[in-house]
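Reader: I have a model on my screen and want to learn how to read it. Can we go feature by feature?

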Amino acid sequence: MHIRVRVDPWLPVIFGFIIRLDNGSRVWIQCRYERIHKLCIRCGLIGYTRGQCIHSMDDIELMLFDEG
């Protein structure tokens with residue numbers, strides 16, 4: 001399935017999520033992004049790769065919670 005979403009380039013993107021089906025089972029849905037040149041798989045930010053990442057997971061959590 002393909003869906004089009006708008007992302008804020010200053011916030012981390014998600015790599016997947018869990019949904020609960022009608023029968024109660026849970027399924028992991030993996031997200032793949034097209035047309036993004038560089039995406040850090042460690043922190044989820046756009047513009048650089050994992051080898052260039054300087055963010056800790058605490059930094060990323062703060063970014064996400066500050067926006068919510």
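Reader: Which cysteine sulfur is closest to that of Cys53, and at what distance?

Author: One caution before the cysteines: this is a predicted model. A disulfide is a covalent bond between the sulfur atoms of two cysteines. The cut-off for counting one here is 2.5 Å between the sulfurs. For Cys53, the closest cysteine sulfur is in Cys43, 3.8 Å away, and that is too far for a bond.

Reader: Which cysteine sulfur is closest to that of Cys43?

Author: The one in Cys40. The gap is 3.7 Å, again too far for a bond.

Reader: How many disulfides does the structure hold?

Author: Zero.

Reader: Are Cys43 and Cys53 buried or exposed?

Author: Buried means under 20% relative accessible area. Cys43 has 4%, so it is buried. Cys53 has 14%, so it counts as buried too.

Reader: Now Cys31. Where is it placed?

Author: Cys31 is in the loop between strand S2 and helix H1, which covers 57–67. Its relative accessible area is 19%, so Cys31 is buried under that cut-off.

Reader: What does Cys31 touch, apart from its neighbours within four places in sequence?

Author: Ile14, Phe15, Gly16 and Phe17. Sequence separation and spatial distance are separate readings. Take Cys31 and Thr49: they are 18 residues apart in sequence, and their C-alpha atoms are 17 Å apart.

Reader: How do S1 and S2 run, and how many bridges join them?

Author: In a regular strand the side chains alternate between the two faces of the sheet. Here S1 and S2 run antiparallel, joined by five bridges. One pairing puts Gly16 opposite Gln30 in S2.

Reader: What is notable about Gly24 in the hairpin?

Author: Check the backbone angle. Gly24 takes a positive phi near 95 degrees, in a hairpin with five residues between the strands. Arg35 also has a positive phi, about 65 degrees, although it is not a glycine.

Reader: Where is Arg35, and is it buried or exposed?

Author: Arg35 is in the loop between S2 and H1. It is exposed, at 84% relative accessible area.

Reader: Last feature. Which residues make the nonpolar surface patch?

Author: Ile14, Phe17, Ile19, Leu21 and Val27, covering about 370 Å². Look at Leu21 as an example. Leu21 lies in the loop between S1 (16–20) and S2 (26–30). Its relative accessibility is 36%, so Leu21 counts as partly exposed. Patch residues need over 30%, and Leu21 passes that cut-off.

Note on methods:
Residues numbered from 1 in each chain as written. Predicted model: local features only at pLDDT ≥ 70, side-chain atom pairs only at ≥ 80, totals over all residues. Heavy atoms only, no water. Buried < 20%, exposed > 50% of the residue type's maximum accessible area, 1.4 Å probe, protein only. Patch = residues over 30% accessible without salt bridge, like charges linked within 9 Å, V, L, I, M, F, W, Y side chains within 5 Å. Areas by Shrake-Rupley, 256 points an atom, 1.4 Å probe, with all protein chains shown as cover. Salt bridge = Lys/Arg side-chain N within 4 Å of Asp/Glu carboxyl O. Helix = DSSP H or I, 4+ residues; strand = E, 2+ residues; numbered from the N terminus. Pairing = 2+ DSSP bridges. Contact = heavy atoms within 4.5 Å.
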